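Biologist: I would be grateful for a close look at one part of this structure, namely the sheet, together with the helices, side chains and ligand contacts that can be described alongside it. Please set the answer out as one connected account.

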Amino acid sequence: MADKVPDRLSWAAEVVAPGPADRILEIGCGHGVLLSLLADRLTSGTITALDRSDKMVAAATKRNAPHIASGKAVIRQAELSAADFKGRLFDKIVAVRVNVFWMDPARELAAVRRLLEPSGLFYLFFDPPSPTQAEPIAAKLTANLESNGFRVLRKAFTVIGAGKGVCVVAEPS
Ligand SMILES: C[S@@+](CC[C@H](N)C(=O)[O-])C[C@H]1O[C@@H](n2cnc3c(N)ncnc32)[C@H](O)[C@@H]1O
């Protein structure tokens with residue numbers, strides 16, 4: 001039986017809604033579940049994922065073997081702030097539950113800016129267990145983004161179990 005897709009990740013795929021030719025980067029792909037949902041929607045587009053954990057890269061690689069074999073997906077073990085894609089740029093960059101972005105993310109946001117097309121979009125998702133945490137997290141993400149070279153375009157919220165999903169979408173300013 002196929003694993004159940006966590007609600008936070010099916011919601012993230014709906015919000016990102018990639019176009020068929022998008023070039024996507026996922027930061028902190030974990031087991032590669034969102035990577036798989038996004039890759040399913042691409043035709044000529046590609047998705048690159050990175051995670052600093054060898055274990056997570058191995059799990060995501062196993063789960064996405066068909067997408068990797070077809071050339072649609074690439075998964076790399078790397079720390080975001082040190083990742084080098086040789087000048088390649090991405091249309092959409094996505095991160096789900098990657099805690100550094102609501103902590104002190106100056107180095108990581110500088111890396112996202114380097115990797116994002118000038119017209120590209122950056123999607124940050126969190127799913128706090130208590131719904132009351134959603135607005136404060138969105139406000140903190142907004143402050144972090146706006147003090148590090150991004151303009152926030154919109155915020156989205158959804159109910160996830162007893163908690164709430166938060167997404168902040170930003171572009172380079
Ligand atoms: C809580 S897990 C979330 C995984 C997945 N996005 C999900 O929602 O299921 C966070 C993942 O991000 C990775 N990660 C955290 N900070 C990172 C960084 N600075 N560079 C690369 N990977 C990072 C961790 O290794 C971990 O696999």
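Modeller: The account below starts with the sheet and then turns to the helices, two chosen residues, the salt bridges and the ligand. Please bear in mind that this is a predicted model.

The sheet is open and has 7 strands, arranged in the order 3-2-1-4-5-7-6 with mixed pairing. Its edges are formed by strand 3 (73-77) and strand 6, each of which pairs on one side only. On average, neighbouring strands of this sheet are turned by 15° against each other, direction ignored. Strand 4 (residues 90-96) and strand 5 run parallel and are joined by 6 bridges. Within that part of the sheet, Val 94 has Tyr 123 in strand 5 as its bridge partner.

Two helices can be placed against these strands. Helix 5 (residues 106-115) lies across strand 1, strand 4, strand 5, strand 6 and strand 7, and runs at about 140° to strand 5. Helix 6 (residues 134-146) lies across strand 5, strand 6 and strand 7, with an angle of about 160° to strand 6.

Ala 138 gives a detailed view of helix 6, in which this residue is found. Its relative accessible area is 0%, so Ala 138 is classed as buried, the limit being under 20%. Leaving aside neighbours within four places in sequence, Ala 138 is in contact with Lys 155, Phe 157, Val 166 and Val 168. Of these partners, Val 168 is 30 residues from Ala 138 in sequence, yet the two C-alpha atoms are 6.6 Å apart in space.

A second residue, Thr 48, belongs to strand 2 (residues 46-51). Thr 48 is also buried, with a relative accessible area of 2%. When residues up to four places away in sequence are not counted, Thr 48 touches Ile 24, Leu 25, Glu 26, Val 74, Phe 85, Arg 88 and Phe 90. With Arg 88 there is, in addition, a polar contact between the two side chains, at 3.4 Å.

The salt bridges add charged pairs to this picture. The structure holds 10 of them. In one, Arg 23 is paired with Glu 117, and the closest N and O atoms are 2.8 Å apart. This pair links distant parts of the chain, since Arg 23 is in strand 1 (residues 23-27) and Glu 117 is in strand 5 (residues 116-126), 94 residues apart. The two partners fall into separate accessibility classes: Arg 23 is partly exposed because its relative accessible area is 31%, between the limits of 20% and 50%, whereas Glu 117, at 18%, is buried.

Another salt bridge connects Arg 151 and Glu 171, with an N to O distance of 2.5 Å. Here too the pair links distant parts of the chain, with Arg 151 in strand 6 (residues 150-160) and Glu 171 in strand 7 (residues 163-172), 20 residues apart. Arg 151 is partly exposed, at 41% relative accessibility, and Glu 171 is likewise partly exposed, at 22%. Returning to Arg 23 and Glu 117, these residues and Asp 91 are joined into one network by salt bridges that share partners.

A further salt bridge is formed by Glu 108 and Arg 107, whose closest N and O atoms are 3.8 Å apart. Glu 108 is buried, since its relative accessibility is 6%, while Arg 107 is exposed because its relative accessible area of 57% lies over the limit of 50%.

The ligand remains to be described. There are 17 residues around the ligand, and those that come nearest are Arg 8, Gly 28, Asp 51, Glu 79 and Val 96. For Val 96, a polar backbone atom is 2.9 Å from a nitrogen atom of the ligand. A backbone N or O atom of Leu 80 lies 3.0 Å from a ligand nitrogen atom, and for a polar backbone atom of Arg 52 the distance to a nitrogen atom of the ligand is 3.1 Å.

Technical notes: Residues are numbered from 1 along each chain as its sequence is written. This is a predicted model: local features need pLDDT of at least 70, side-chain atom pairs count only at pLDDT 80 or more; totals for chains, interfaces and linings use all residues. Side-chain values use heavy atoms; hydrogens and water are left out. A salt bridge is a side-chain nitrogen of Lys or Arg within 4 Å of a carboxyl oxygen of Asp or Glu. Helices (H or I, at least four residues) and strands (E, at least two) are DSSP runs, numbered from the N terminus. Buried means under 20% relative accessible area, exposed over 50%, partly exposed in between (1.4 Å probe, protein chains only). Two strands pair if DSSP finds at least two bridges between them. Axes are lines fitted to C-alpha atoms, for helices over the stretch in contact, and angles run from 0 to 180 degrees between N-to-C directions. Contact means heavy atoms within 4.5 Å. A polar contact is a pair of N or O atoms within 3.5 Å; within protein, one must be able to donate a hydrogen and the other to accept it, and residues adjacent in sequence count only if both atoms are side-chain atoms. A residue is near a molecule or strand if one of its heavy atoms lies within 4 Å of it.
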